[in-house]
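Hi everyone, thanks for coming. Let me put the structure up on the screen, and then we can walk through it together.

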There are 2 protein chains.
Amino acid sequence: MANSFTEENYLKIIHNLSGPEGVEVSTNALAEGTSTRAASVTDMLKKLAEKELINYKKYQGVTLTETGEKLALKIIRKHRLWEVFLVETLGFGWDEVHDIAEELEHIPSDRLVDRLATFLGNPQFDPHGDPIPDAKGNMPTADYRKLSEVTEGEKVVVMGVLDHETPFLQHLDRSGVMLGCRVEVKEINDYDKSALVLIDDVKTLFISQEVSKNLLVQRL
Amino acid sequence: MANSFTEENYLKIIHNLSGPEGVEVSTNALAEGTSTRAASVTDMLKKLAEKELINYKKYQGVTLTETGEKLALKIIRKHRLWEVFLVETLGFGWDEVHDIAEELEHIPSDRLVDRLATFLGNPQFDPHGDPIPDAKGNMPTADYRKLSEVTEGEKVVVMGVLDHETPFLQHLDRSGVMLGCRVEVKEINDYDKSALVLIDDVKTLFISQEVSKNLLVQRL
DNA sequence: ACTTATTTTTAGACTACTCTAAACTTTTTC
DNA sequence: GAAAAAGTTTAGAGTAGTCTAAAAATAAGT
């Protein structure tokens, strides 16, 4: 009855694609997310449905059952705690930790996760600003907006990112944008929606919509 | 050309069974070590030989090639570093860490291992007294004797254990025996080779040969 | 040395996960 | 509201690792 590495990955990806409202996830979206073919996804969905971890009706997409959701949150908790460990304790850059955490998240011991969380001081957010569920699966809430939705003149603080890939994060590093930095939106270009912003009151730069869509911010 | 979890396990176990002199390891010994059947071992040996990680001739047992040895030492390094982390950083007991480290040792990133080693202060020995190879594969030397080979009247220090299983380590815990404690051999029973010992000058107890064969000690 | 016992290897099969190609649903478009 | 397009599932097959049963090779006993 144990769950394989692969099964855990499916649950995690279904959770992530399903969003906060828990909408149905399509086979193709999962194929994309798992880097496999739709046919392989269908096979796995049957298996997960058999185990009652997902609600699956042919051609209708899937959602997580309560059990599936709990399991997914466990994996996500582990992933994010390991990311904190890699950055805070071992000194990795936030652009380097995703792939390693992707492996570490499947290490099974509950005692390990709990002790890791305690050692790290039970962090609420990971190095990319993503909330870390507690041992019972409760997510710290945080309603962030995308920078792309901020209007001219507003002052906000960077709280997280939506793209976790290395190239995006390195781009932010090179631009001097990191978690916690203040952003004042000076001007938004009508044509391409790029924004002229002031970072921490000192540095002025252009941010493309591509980028601002992937930056999560909070008023202040 | 990457190496699977399973392949890595075989290399590690071949190394361990092969001993310091690198003697041939038999198919049956590997079947025992990997908890599989001899037939499965043979299949895997063909695969590892194909990759030139082991020297394999039918019916003759196997040894590691230079490449195989390097890989085995990498896994062992990872395993032992993670054990140090679990005990020193997360506060696990030395009897709890073997199985978790067995999983962690297969996390691939070299950068992770190096940073972990640095964080831990480049330890030379793990919580069971086993030497930790450095990044180049050099083992710290340490010629320990078994407690069972110590003669009456000698005073020694416990430096390691040969059995890493939980029950044995818990038995030591209950007896108050741990790494670094002094042992004076008062008397050896002719009949069953059990020993009457004095621990840290304060506690007297009997140690069966079963146990003393699995305790590594050093003169002092 | 020759027979027996033990060890190891081969042969064929099974599970988990993956694939391609073809068939089948659902959605979109005109 | 039929025809085309897009999305999904079935069918059949492949790889990695495992198994049992049987054959082959080595080691042991007298």
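Let me start with a question: through what surface do the copies meet? Before I answer, please keep in mind that this is a predicted model. Now the answer: 100% of the interface residues of chain A are also interface residues in chain B, so the copies meet through the same surface.

Let's look at that contact. On the chain A side, 14 residues are in contact with 14 residues of chain B. Two helices, α5 (98-104) and α6 (110-120) of chain A, each supply at least two residues of the side that touches chain B. The largest share comes from α6(A), with four residues. If you like to think in chemical classes, the side of chain A that touches chain B has nine nonpolar, three polar and two charged residues.

How are the chains arranged around each other? A quick reminder: two copies of a chain are related by a rotation about an axis and a shift along it. Here, a rotation of 180 degrees with 0.1 Å of shift along the axis superposes chain A on chain B, with an RMSD of 0.0 Å. The two copies are thus related as by a two-fold rotation axis. To find that axis on the screen, go to Leu104(A): in chain A, its C-alpha is the nearest to the axis, 3.7 Å away.

Now over to the DNA. Which residues are closest to DNA strand D? There are 20 residues surrounding the strand, and the closest are Ser26(A), Asn28(A) and Ala39(A) from one chain, and Thr36(B) and Ala39(B) from the other. Both chains take part: α2 (27-34) and α3 (38-50) of chain A, and α1 (5-18) and α3 (38-50) of chain B, each supply at least two residues of the surface near strand D. The one that gives the most is α3(B), with five residues. By class, this surface near strand D has six nonpolar, nine polar and five charged residues.

Last stop, helix α1 of chain A, residues 5-18. At 1.5 Å a residue, its 14 residues should span 20 Å, and the end C-alpha atoms are 20 Å apart, so the two agree. Within α1(A), the buried residues are Tyr10(A), Leu11(A), Lys12(A), Ile14(A) and His15(A). What covers them includes α2, α3, β1 (54-56), β2 (62-64) and α4 (66-89) of chain A. Right after α1(A) comes Gly19(A), which has a positive phi, near 70 degrees.

That's my tour, thanks for listening!

Note on methods:
Residues numbered from 1 in each chain as written. Chains lettered and ligands numbered in written order. Predicted model: local features only at pLDDT ≥ 70, side-chain atom pairs only at ≥ 80, totals over all residues. Near = placed C-beta within 6 Å. Nonpolar A, V, L, I, M, F, W, Y, C, P; charged D, E, K, R; others polar. Expected span 1.5 Å × (residues − 1). Buried ≥ 20, exposed ≤ 12 C-beta atoms within 10 Å, placed from the backbone. Contact = placed C-beta atoms within 7 Å. Least-squares fit on C-alpha atoms with pLDDT ≥ 70 in both.
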